[in-house]
Structure formats: C-alpha cells, structure tokens
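Biologist: Got a minute to go through a model with me? I have it open and would like to take it piece by piece.

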Protein chains: 4
Amino acid sequence: MVEFHVDRGSGFPAYLQLGQQVREAMRLGWLQPGDRLPTVRDVVATSGVNANTVLKAYRELELAGLVEARQGSGTFVKGTLGSAAPEVLDPLREGLAKWVAEARSAGLEDEDIYALLREVLSGGAQ
Amino acid sequence: MVEFHVDRGSGFPAYLQLGQQVREAMRLGWLQPGDRLPTVRDVVATSGVNANTVLKAYRELELAGLVEARQGSGTFVKGTLGSAAPEVLDPLREGLAKWVAEARSAGLEDEDIYALLREVLSGGAQ
Amino acid sequence: MVEFHVDRGSGFPAYLQLGQQVREAMRLGWLQPGDRLPTVRDVVATSGVNANTVLKAYRELELAGLVEARQGSGTFVKGTLGSAAPEVLDPLREGLAKWVAEARSAGLEDEDIYALLREVLSGGAQ
Amino acid sequence: MVEFHVDRGSGFPAYLQLGQQVREAMRLGWLQPGDRLPTVRDVVATSGVNANTVLKAYRELELAGLVEARQGSGTFVKGTLGSAAPEVLDPLREGLAKWVAEARSAGLEDEDIYALLREVLSGGAQ
DNA sequence: GTGGTCTAGACCACC
DNA sequence: GTGGTCTAGACCACA
C-alpha cells in the first residue's frame with residue numbers, strides 16, 4: 001500500500017506532490033494496474049491534506065488515463081508507466097544505492113546528489 | 001554563465017524554479033562566491049518570465065544569504081552551498097554517469113531514474 | 001462577448017453547463033481562436049456561480065486543448081470545434097428556424113422538439 | 001419497449017438520464033399511459049446501473065405524477081407529456097429528418113446541430 | 001462509505 | 001487585476 005507524504009510550505013503544490021507520488025509508485029512497480037489507490041479519506045487522514053486537494057490530484061491522474069475512479073468503490077490504477085520489470089530494476093537499485101553510499105560518505109547532501117543527477121541526465125553543462 | 005530554463009505550465013512556480021536553479025549551480029560549482037548572476041533583464045529575455053518574478057527569486061536568495069544585490073552593478077553570489085570540492089565531485093559524477101548509462105540501456109526513462117533515486121535516498125521502502 | 005447562463009437546481013453540474021456553453025459558442029463561431037473568455041470574476045458576477053466552479057470549467061477546457069489560461073491576462077480560445085463556416089451555417093439556421101416555427105405552431109413544446117431531434121439524430125427507433 | 005442507455009463518466013447523474021429517457025419516450029409516444037416500464041432488474045442488467053439508482057429515478061417520476069408503481073406488478077405510465085399526436089408528429093419528424101440530412105451533408109456534427117437548435121430555440125443571439 | 005459537486009473565502013503567482 | 005491553490009465543510013450520487 002502506498003502512503004503519501006506531503007510537504008506543505010515548500011511552495012510545491014500539494015496536489016502535484018500527490019500526483020507525482022502516484023506516478024513514481026507506478027514506475028517502481030508499487031502500484032500495478034488494478035490496484036486500488038488509498039481512498040480520499042485515507043489520504044486526508046494520512047497526509048493532513050484537504051479532501052478536495054486529493055480529489056484534484058486523482059482527477060488529473062484520471063484525465064491522464066492512469067487511474068479510473070469508480071463511484072462507491074474507489075480509485076483504481078488503469079494504465080502503466082515505465083516499462084521496467086523488477087528483475088531489471090533490482091540490480092540497478094542496488095548499484096545506485098552503492099553509489100549513494102559513496103557520495104554520502106564523501107560529504108554530499110541529498111540536494112547535492114539531486115543536483116548531480118540532474119546535471120548528468122541533462123547531458124553535462126547544458 | 002548560468003542560463004535559466006523555466007517550465008511554465010508545469011504548476012511549479014516560476015520563481016521557485018529560478019531559485020532552485022541558482023542553488024543547484026552553486027552546489028555544482030558553476031556559481032562561485034563573487035560570481036555575478038545574470039541580470040534581471042537577461043533572465044527575462046532568456047526565459048520569458050516577467051521581471052517581477054525574477055526579482056522575487058533574487059530577493060529570496062538574498063534573504064537566504066546566498067547572494068547579494070549591489071545597486072547598479074548586479075547580483076553576486078555571496079555564500080556557499082554544498083561542501084563538495086571539484087576533486088570530490090568529479091569522480092562521483094563519473095561514477096553516476098556510468099550508472100545512468102547502464103540504467104538507460106536497460107530501458108529506464110529519466111522519470112524512472114528520478115523515482116529510483118528518491119526511493120534509495122529515502123531509505124528503501126520508505 | 002459570450003454570456004453564461006447557469007441553471008442551478010437542475011441537477012446538471014454547473015461546471016459542465018459552463019463548459020458546454022463555451023463549446024457551443026465555439027461551434028457557432030461566437031468564440032474564435034484568440035478570443036478571450038469572460039474573466040472568472042465576470043462569470044461569477046454574471047451567473048452567480050462560485051469562482052472555483054468557473055475555474056474548474058476553464059481548467060477542463062484547457063486540458064481538452066480548447067483554451068489557454070495566461071496568468072495575469074485571461075483565458076483565451078486556442079483550438080477550434082466544429083468546422084462549419086458562417087456561409088454554411090446561416091442558411092441551415094434559417095431552415096431550422098422555419099421548421100421550429102412549424103413545430104411550435106403545431107403545439108410542440110421545446111422539450112418535444114429536443115426529443116424529436118434526439119430521435120432523428122440517433123437514427124429512428126434505436 | 002424502451003431501453004435505457006446510461007452514459008457513465010459524462011458527469012451527468014445517472015438517475016437524471018433515466019428520468020429524461022422516460023420523459024422523452026412519453027413525448028414521442030413510445031410510452032403510453034398504461035404501458036409498463038422496464039423492471040428495475042431489467043434496467044440494472046441493461047444499463048449497468050445500480051438498482052438504487054433506478055429506484056430513485058422511478059420514484060422521482062412517480063412524484064412528478066408521470067408513473068405509478070404497483071406493488072408486485074411493476075411501474076406503469078400514468079400521465080402524459082407533450083400534446084403531440086402521431087398524425088402531427090410524423091410529418092414534423094420527416095421535415096426534421098430532411099433538414100438533418102442537409103446539415104450533415106454540409107459537414108455538421110451532431111454537436112453542431114444541437115448547438116444550432118439551442119440557438120434557434122432560445123431566440124437567436126440570446 | 002465511496003467519489004464528486006459546490007460554496008465561501010483566504011492567500012499566492014504573475015502581468 | 002488576472003488565473004490558481006488550498007482549505008473547511010455541506011451536501012449529493014452511487015454501490
């Protein structure tokens with residue numbers, strides 16, 4: 001089961017954070033087609049966000065074709081995102097974890113790590 | 001010289017994007033204490049954002065003690081962010097680039113990679 | 001300029017009524033690409049609907065690619081809907097008006113007329 | 001026999017769709033006083049809607065004096081709607097069908113046609 | 001009890 | 001002054 005964590009006061013809209021977390025869970029295989037998302041009320045209880053904010057996040061996922069809301073029964077994962085199978089992801093995750101350990105022991109903070117990744121992904125100096 | 005890229009319509013506030021990009025450039029050593037930030041006018045021309053938005057971003061960086069506005073001459077980097085020296089960053093960047101190459105050849109998209117990193121940084125299953 | 005009329009208490013969601021009216025105005029050529037929709041505040045004043053309801057309608061039109069919201073300046077028609085040129089529409093409208101006059105003088109109410117049209121469009125008995 | 005078609009996900013409440021379809025069938029003479037409506041069970045099977053939703057639709061029609069529920073035997077049309085006799089309706093239907101054929105061959109979509117009719121019924125520019 | 005609609009109002013981002 | 005975000009809470013449609 002996915003649990004959401006909303007960082008309020010970061011300026012980052014709460015409904016976007018929720019949407020992103022669903023997308024990431026789908027990419028990582030935590031959410032598979034047919035799985036039910038936490039109910040709106042669950043998310044409200046868990047994350048402290050208002051119900052309408054959750055609804056908005058779910059509605060946008062629905063419009064994106066990723067989930068499907070069924071009145072009275074819940075919201076369900078419909079589409080897929082990211083093609084990576086666990087057999088592929090697991091060794092990569094392991095390799096990345098090793099690299100992260102190195103980076104941290106060299107004194108890098110998480111923000112440094114994100115910055116480095118963005119640099120590398122965007123192909124150097126950009 | 002740093003060049004800003006603002007993604008409008010992503011829901012992510014423009015002034016936060018600018019601030020984040022300055023911070024990342026500082027972390028990666030692209031911006032060093034004493035360096036001058038692009039002028040507001042430059043950023044407007046480059047990114048299509050309104051001047052007030054740029055001013056707001058710079059003002060917040062100044063309040064954070066990271067930059068200093070000098071009337072008539074521009075805005076200059078004052079503080080530092082991230083403790084990593086180039087001698088430390090370079091081999092890490094290289095290691096990361098190698099891992100990214102692997103991940104991509106395994107079919108992962110950039111979003112998959114970000115998701116994996118977030119997972120690893122947050123300590124596994126979260 | 002388009003003016004909205006929202007029928008509250010019909011059970012028909014207000015935001016759908018607004019969306020439909022924009023779409024119809026586009027079909028009839030009352031709204032052309034580049035035209036500005038009434039501001040959210042205008043609609044609130046005109047129709048008595050809440051601002052968020054209007055925003056929701058406009059956001060859905062934007063997601064459908066029909067309009068574009070520009071912060072600080074308004075919401076503008078972007079796409080097109082219905083290919084009918086005025087030269088084509090005008091004679092048809094005239095013919096229809098004539099038929100409507102007949103139907104009404106035969107005692108039909110508007111609801112009868114809608115029912116008839118729906119029957120004819122759906123191809124008879126269906 | 002009337003057959004219901006409920007469009008879920010249109011935002012239009014299912015019970016209103018059912019009610020409207022009964023009303024239209026009455027206006028067009030498909031349902032006459034004394035006729036029996038489909039059983040709730042039939043509608044559930046046909047339209048995929050929940051039984052309570054059908055019951056709610058029938059209850060509202062009953063409150064409007066249009067139908068009458070007889071315990072154990074079904075729901076029957078009681079009142080009338082629309083004053084048009086078949087001798088009146090048929091030629092009008094024919095005239096409308098001719099107009100619709102014209103409109104379609106001019107490239108109009110059904111939505112265009114509905115928009116035009118609404119415009120004409122509401123008396124022009126509204 | 002599920003998702004959905006609407007409201008009223010505060011506050012923010014942007015021009 | 002423009003659109004947008006978020007909240008709190010009432011109420012509805014549906015299973």
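Biologist: What does Gln17(A) touch, leaving out residues up to four places away in sequence?

Modeller: Gln17(A) touches His5(A), Val6(A), Asp7(A), Ser10(A) and Phe12(A), where contact means heavy atoms within 4.5 Å. This is a predicted model, in which local features need pLDDT of at least 70 and side-chain atom pairs pLDDT 80 or more, while totals for chains, interfaces and linings use all residues. Residues are numbered from 1 along each chain as its sequence is written, chains are lettered from A and ligands numbered from 1 in the order in which they are written, and side-chain values use heavy atoms, with hydrogens and water left out.

Biologist: Is Gln17(A) buried or exposed?

Modeller: Gln17(A) is buried, at a relative accessible area of 7%. Buried means under 20%, exposed over 50%, and partly exposed in between, with a 1.4 Å probe and protein chains only. Gln17(A) is in helix 1 of chain A; helices are DSSP runs of H or I with at least four residues, strands are runs of E with at least two, and both are numbered from the N terminus.

Biologist: How many helices and strands does chain A have?

Modeller: Chain A has 5 helices and 2 strands, in the order α-α-α-β-β-α-α along the sequence. Of its 126 residues, 40% are buried. Its C-alpha atoms fill a box of roughly 50 × 35 × 30 Å along the principal axes.

Biologist: And Val43(A), where is that?

Modeller: Val43(A) is in helix 2 of chain A, residues 40-47. Val43(A) counts as buried because its relative accessibility is 2%. Beyond four places in sequence, Val43(A) touches Phe4(A), Leu18(A), Pro38(A), Gly48(A), Val54(A) and Tyr58(A).

Biologist: Switching to the chain B and chain A interface. What area is buried there?

Modeller: About 4000 Å² is buried between chain B and chain A, and carbon and sulfur atoms give 66% of it. Buried area here is the accessible area (1.4 Å probe) that two parts lose on being put together, summed over both. On the chain B side, Leu92(B), Leu96(B) and Leu121(B) lose the most area to chain A, together 16% of what that side buries.

Biologist: How many residues does each chain put into the contact?

Modeller: Chain B gives 44 residues and chain A gives 45 residues.

Biologist: How many salt bridges across it?

Modeller: There are 8 salt bridges between chain B and chain A, taking a salt bridge as a side-chain nitrogen of Lys or Arg within 4 Å of a carboxyl oxygen of Asp or Glu. Arg118(A) and Glu24(B) form a salt bridge through their side chains, at 3.2 Å from N to O. The elements of chain B that give two or more residues to the side touching chain A are helix 1 (14-27), helix 4 (86-105) and helix 5 (110-121).

Biologist: Now the DNA. Which residues are closest to DNA strand F?

Modeller: Pro13(A), Ala14(A), Asn52(A), Ala14(D) and Asn50(D) are the closest of the 29 residues that surround DNA strand F; a residue is near a strand if one of its heavy atoms lies within 4 Å of it. Of the DNA strand F atoms within 4 Å of the protein, 65% belong to sugar or phosphate and the rest to bases.

Biologist: Which phosphate contacts can you give me for DNA strand F?

Modeller: A side-chain N or O atom of Tyr15(D) is 2.8 Å from a phosphate oxygen of DNA strand F. For Thr53(D), the distance from a side-chain N or O atom to a phosphate oxygen of this strand is 3.4 Å. Val40(C) uses a polar backbone atom, 3.1 Å from a phosphate oxygen of DNA strand F.

Biologist: And what comes nearest to DNA strand E?

Modeller: Ala14(B), Asn50(B), Lys56(B), Ala14(C) and Asn52(C) come nearest, out of 29 residues around DNA strand E. Sugar and phosphate make up 66% of the atoms of DNA strand E within 4 Å of the protein. Polar side-chain atoms lie 2.7 Å from a phosphate oxygen of DNA strand E for Tyr15(B), 2.9 Å for Arg8(C) and 2.6 Å for Tyr15(C).

Biologist: Last one. Is Asp112(D) buried or exposed?

Modeller: Asp112(D) is buried, at 2% relative accessibility. Asp112(D) is in helix 5 of chain D, residues 110-121, and its side chain reaches the backbone nitrogen of Glu109(D) at 2.8 Å. Leaving out residues up to four places away in sequence, Asp112(D) touches Arg27(C) and Gly82(C).

How values were computed: Polar contact = N/O pair within 3.5 Å; in protein donor to acceptor, adjacent residues only side chain to side chain.
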